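Thanks for coming, everyone. I have one structure to walk through today. Please bring it up on your screens.

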Amino acid sequence: MFIACLFVALAAADAVPAASPQWPLDLPTRYLTSNFMERRSGRWHAGLDLKTRTVTGFPVRAAEDGWISRVRAETGAYGRVVYLRGESGKTYVYAHLERFSDVIQELVAADREGHGRYRVRLNLEPGEVPVRAGQVIALTGQSGTAGPHLHFEVRDAEQRPLNPLEHGFALPDTFAPTIQAVTAHPVEPWSRVAGDGVPRSHRGKALQGELPALRIWGPVAFSASIVDRSDVRGHRLEPWLIEVRLDDRLVYR
């Protein structure tokens, strides 16, 4: 059979809730180096990576009124990280920090002295370290990672990751995602796919117009290589939404 299959990739939504939380950095520009649910080695990226001009030491601000619920300091993983439990019930995660605020730093120093080790894992009680929206809780760094940036997450009351772009931390996005390749894969031993693929000279570029027809026998699966970017820096991001239509009928979203 011959099929006409349309892949549609959409960028991140720009909608901002009426009561927006505090953006974590005071920088005049807001660039992403990674976004939500990017595929990493054996895992998914659970938040946003915010660019800090390749340097450290920028103030990190509390997203909303609440209290510090957890503090971690390790040589790998998130490095120095603060978990802020907001009055809304959400948890905000600030990772790869250079330094904690003085109040948090005193707790970390006391734990190190008491246990005689660098690694710190503190679980704090509600109200023990209260914070107000916009209060400086740390400085940006590169602890636990190779380059300076702020890793920022939003989690629900059950600690499940949420897309920050949909929960008060949206960014302007005027660049359309680029679909660079679409591939049909036989999924049964007797499945067959016949037709011209994308020319090698075109790979890595945006697919334009109608693609060459494929003739298919049996069940097949499709994969697509899609790249998004949200600003002039051009960092490769994941698309916010993918739709697949077969003869104008939505079959996957």
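Let me start with a question: does Arg-245 count as buried, exposed or partly exposed? Arg-245 counts as partly exposed, at 27% relative accessibility. Its salt-bridge partner is Glu-243, with 3.3 Å from N to O. Glu-243 counts as buried, at 12% relative accessibility. The cut-off for buried is under 20%, so Glu-243 falls below it and Arg-245 does not.

A word on what you are looking at. This is a predicted model. The protein chain has 253 residues, and buried residues make up 39% of them. Its elements are 1 helix and 20 strands. Now take the contacts between residues at least 6 apart in sequence. Of those, 70% join residues at least 24 apart. The accessible surface comes to about 14000 Å². Carbon and sulfur atoms hold 51% of that surface.

Back to charges. How many salt bridges does a search of the whole structure find? The search finds 11. You have met one of them, Arg-245 with Glu-243. Here are two others.

Go to Glu-74 and Arg-121. Their side chains meet in a salt bridge, 2.6 Å from N to O. Glu-74 lies in the loop between strand E7, residues 66-73, and strand E8, residues 80-86. Arg-121 lies in strand E10, residues 120-123. The two are 47 residues apart in sequence, so the pair ties together separate parts of the chain. Check the exposure too. Glu-74 is buried, with a relative accessible area of 17%. Arg-121 is partly exposed, at 49%. The upper limit for partly exposed is 50%, so Arg-121 stays within that class.

Next, Asp-49 and Arg-40. They form a salt bridge, and the closest N and O atoms are 3.6 Å apart. The limit is 4 Å, so this pair counts. Asp-49 is buried, with a relative accessible area of 6%. Arg-40 counts as partly exposed, at 24%. There is a third member here. Glu-38, Arg-40 and Asp-49 are linked in a network of salt bridges.

Stay with Asp-49 and look at the strands. Which residue stands opposite Asp-49 in E5? That residue is Ser-34. Strand E2, residues 32-34, is joined to strand E5, residues 48-51, by 2 bridges. E2 and E5 run antiparallel. E5 also has a link to E13. There, 4 bridges join the two strands, again antiparallel. Leu-50 has Leu-150 in E13 as its bridge partner.

Now follow E13 to the aromatics. The structure holds 5 aromatic pairs. Take Tyr-92 and Phe-152. Why is this pair called stacked? The ring planes meet at 15°, with the centres 6.2 Å apart, so the pair is stacked. Tyr-92 is in strand E9, residues 91-100, and Phe-152 is in strand E13, residues 149-155. They are 60 residues apart, and the pair links distant parts of the chain. Both rings belong to buried residues. Tyr-92 counts as buried at 2% relative accessibility, and Phe-152 at 1%.

Phe-152 has another partner. Tyr-94 and Phe-152 form a tilted aromatic pair, 5.3 Å centre to centre, with 55° between the planes. This pair also links distant parts of the chain, with Tyr-94 in strand E9 and Phe-152 in strand E13, 58 residues apart. Tyr-94 counts as buried, at 0% relative accessibility.

Put these rings together. Trp-23, Tyr-92, Tyr-94, Phe-152 and Phe-169 form one aromatic cluster.

Last stop: charges over rings. The charged end of Arg-70 sits over the ring of Tyr-83, 4.1 Å from its centre. The charged end of Arg-112 sits over the ring of Tyr-118, also 4.1 Å from the ring centre.

To recap, hold on to two places. One is the salt-bridge network of Glu-38, Arg-40 and Asp-49. The other is the aromatic cluster that includes Tyr-92, Tyr-94 and Phe-152. Strand E5 is joined to E13 by 4 bridges. That is my tour.

Technical notes: Residues are numbered from 1 along each chain as its sequence is written. This is a predicted model: local features need pLDDT of at least 70, side-chain atom pairs count only at pLDDT 80 or more; totals for chains, interfaces and linings use all residues. Side-chain values use heavy atoms; hydrogens and water are left out. Buried means under 20% relative accessible area, exposed over 50%, partly exposed in between (1.4 Å probe, protein chains only). Contact means heavy atoms within 4.5 Å. Accessible areas come from the Shrake-Rupley method with a 1.4 Å probe; for residues, only the protein chains shown count as cover. Rings of Phe, Tyr and Trp (its six-membered ring) pair if their centres lie within 6.5 Å; planes under 30 degrees apart count as stacked, over 60 as edge-to-face and the rest as tilted. A charge sits over a ring if NZ of Lys or CZ of Arg is within 6 Å of the ring centre and within 35 degrees of the ring normal. Two strands pair if DSSP finds at least two bridges between them.
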